[in-house]
Amino acid sequence: MTIQRTETRPFDDQKPGTSGLRKKTAHFRQPHYLENFIQAVFNAAPELRGQTLVLGGDGRFYNRQAIQVILKMAAANGIGKVLLGRGGLLSTPAASCLIRKHGAAGGIILSASHNPGGAEGDFGVKYNIANGGPAPEKVTESIYWHARNLTTYAISDAADLNIDQPGLQQLETMTVEIVDPVTDYAALMEELFDFDLIRDRIAQKKLRFCFDAMHAVTGPYAVEIFHHRLGVAREALIHCQPLEDFGGAHPDPNLAHAKHLVAIMQGAGAPDLGAASDGDGDRNMIMGAGCFVTPSDSLALLAANAQCAPGYREGLRGVARSMPTSQAVDMVARQAGLPCYETPTGWKFFGNLLDADKITLCGEESFGTGSSHIREKDGIWAVLFWLNILASRQQPVRELLDQHWRRYGRHYYSRHDYEGIAKERAQTLMTELRAQLSQLAGRRFGELVLAGADDFSYTDPVDRSVSQHQGIRLLFEDGSRIVFRLSGTGTEGATLRLYLERYQNDQARLHDDTQQTLAPLAAIAEQVAHIQHHTGRTGPDVIT
Ligand code: G16
């Protein structure tokens, strides 16, 4: 075994986005592309030398080959030990859990999240720091700098390791420990939730549950936790076999893609709770019999009912949501006298707030919810939280939602995505919108009056770092909002996200149709931003 220094040339497109580097799989497989990015990570993270690195991925196509490359590069870059999920599998939250539990200096997670997999699909690499969370901007900027200035990378010429065999192996001077991907994570879940109570309610058939793993990484987690530890029937856990191409589907837990689950939850005899998670297990979708809980409402309900779960019984320090997420959780925080923070999109922005103990719960409209237990959003955790609340409150999801809206009012909310539009056209739309911002305040659109408009800028309350241009906000006098953002996770062209929100606390108007309620806001968005003109589309590609 020897360590090779391979000459390379920088790629100019290795700037990490909202969540790591995501590209088409074929792009990642071109010679030196993966190696360059991994070397840039090692160069930007000298703290990994001699220390432990956690490694795993969501099992998508190219996961296993990439794991072998990274192991050989880690050995050549002086990493002390790699903790690897068996078979190269680790959900994103389980990776965060392992980093924290074993005092690792960082972690590399291979995933393009909810994006499709396969040779024609997407691949991605994320770097997490010692707190278990996504690398903050100063680290991703440094990775990008190193990627642009790279001339060589280091790699061992050792043979491939058997990554399916638990236990210790040696690679150059580095130790590789192959661990069960589920064990430590499941133990953490047992500390947070009342497994006895949930198990009893399930055994009595008073809590019926269905989970769709979407052929992604959470299958083994769901089988161990929901079936073996909580007694949920195995048949109620669907698509639990992780597949390299997710069965040809989009592992995105929303109404558009989790069709199988939606049909079950809207059919006759639907279970009390239905849930799904995404490619790497950090997202979740929650449904009750015949009803859908928006991620923003889910966060608000978890905050309002946190005392049901043993891990949160002592109370919450505060809550946070990303800017485009609806303000439902703000109402809960206001009534409970809790601090509430508004961050840019990207889980990395919650890291400092969690580390400084300023918040306990946080979440995003993009189907992500999490807490201080780790530093990633966590799909299975969110589902367990809901199971714990239902087991303890003993009411249907629909009734819980209804009571919540009666008490706090309802934030009608929807996101309209325009996908795969030409980057220049998307940029022009945003630039033209930005140019109008100063003239928009006070403008009237029917009964809606604009109170203000801005380009969201965030100053981190802990380290005072500033992140600008995080989305254009139109803020109305009645609390309604329209937000325009370009996605930072797509791999083809640009995706325009249009977020619409309208608050209603008239008790007679709590069950209106969401899209109809938001139609006047969508019309204003078109009037101000000329979406059809710029995108060439007559309507959004995906509505969530
Ligand atoms: C990632 C980030 C989230 C973000 C989401 C959507 O999630 O971790 O914080 O909300 O992307 O980002 P964008 O609107 O820029 O596409 P995931 O689950 O894809 O890793």
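In what order do the seven strands of the open sheet run, and with what pairing? The order is 20-21-24-25-26-19-27, and the pairing is antiparallel. The model is predicted. Besides this sheet, the briefing covers the ligand, which has 19 residues around it and occupies the second largest pocket.

**Ligand site**
- Among the 19 residues that surround the ligand, the closest are Glu 364, Ser 487, Gly 488, Thr 489 and Arg 497.
- By class, the shell around the ligand consists of ten polar residues, eight charged residues and one nonpolar residue.
- The space that the ligand takes up is the second largest pocket.

**Polar contacts and cover**
- Glu 364, one of the closest residues, places a polar side-chain atom 2.6 Å from an oxygen atom of the ligand.
- Arg 485 has a polar side-chain atom 2.7 Å from an oxygen atom of the ligand.
- At Gly 346 the contact is made by the backbone: a polar backbone atom lies 3.2 Å from an oxygen atom of the ligand.
- On its own the ligand has 460 Å² of accessible area, of which the protein covers 99%.

**Sheet**
- Strands of a sheet pair through backbone hydrogen bonds, in either a parallel or an antiparallel sense.
- In the open sheet of seven strands, the pairing is antiparallel.
- Strand 20 (444-445) and strand 27 (542-543) are the edge strands, and each pairs on one side only.
- Strand 20 pairs with strand 21 (residues 448-455) over two bridges, in the antiparallel sense.
- Opposite Arg 444 stands Val 449, in strand 21.

Note on methods: Residues numbered from 1 in each chain as written. Predicted model: local features only at pLDDT ≥ 70, side-chain atom pairs only at ≥ 80, totals over all residues. Heavy atoms only, no water. Near = heavy atom within 4 Å. Polar contact = N/O pair within 3.5 Å; in protein donor to acceptor, adjacent residues only side chain to side chain. Areas by Shrake-Rupley, 256 points an atom, 1.4 Å probe, with all protein chains shown as cover. 1 Å grid on protein atoms, 1.4 Å probe; cavity = no way out; pocket = protein on both sides within 12 Å on 5 of 7 lines; lining within 4 Å. Sits in = over half its atoms within 2 Å of the grid points. Nonpolar A, V, L, I, M, F, W, Y, C, P; charged D, E, K, R; others polar. Pairing = 2+ DSSP bridges. Helix = DSSP H or I, 4+ residues; strand = E, 2+ residues; numbered from the N terminus.
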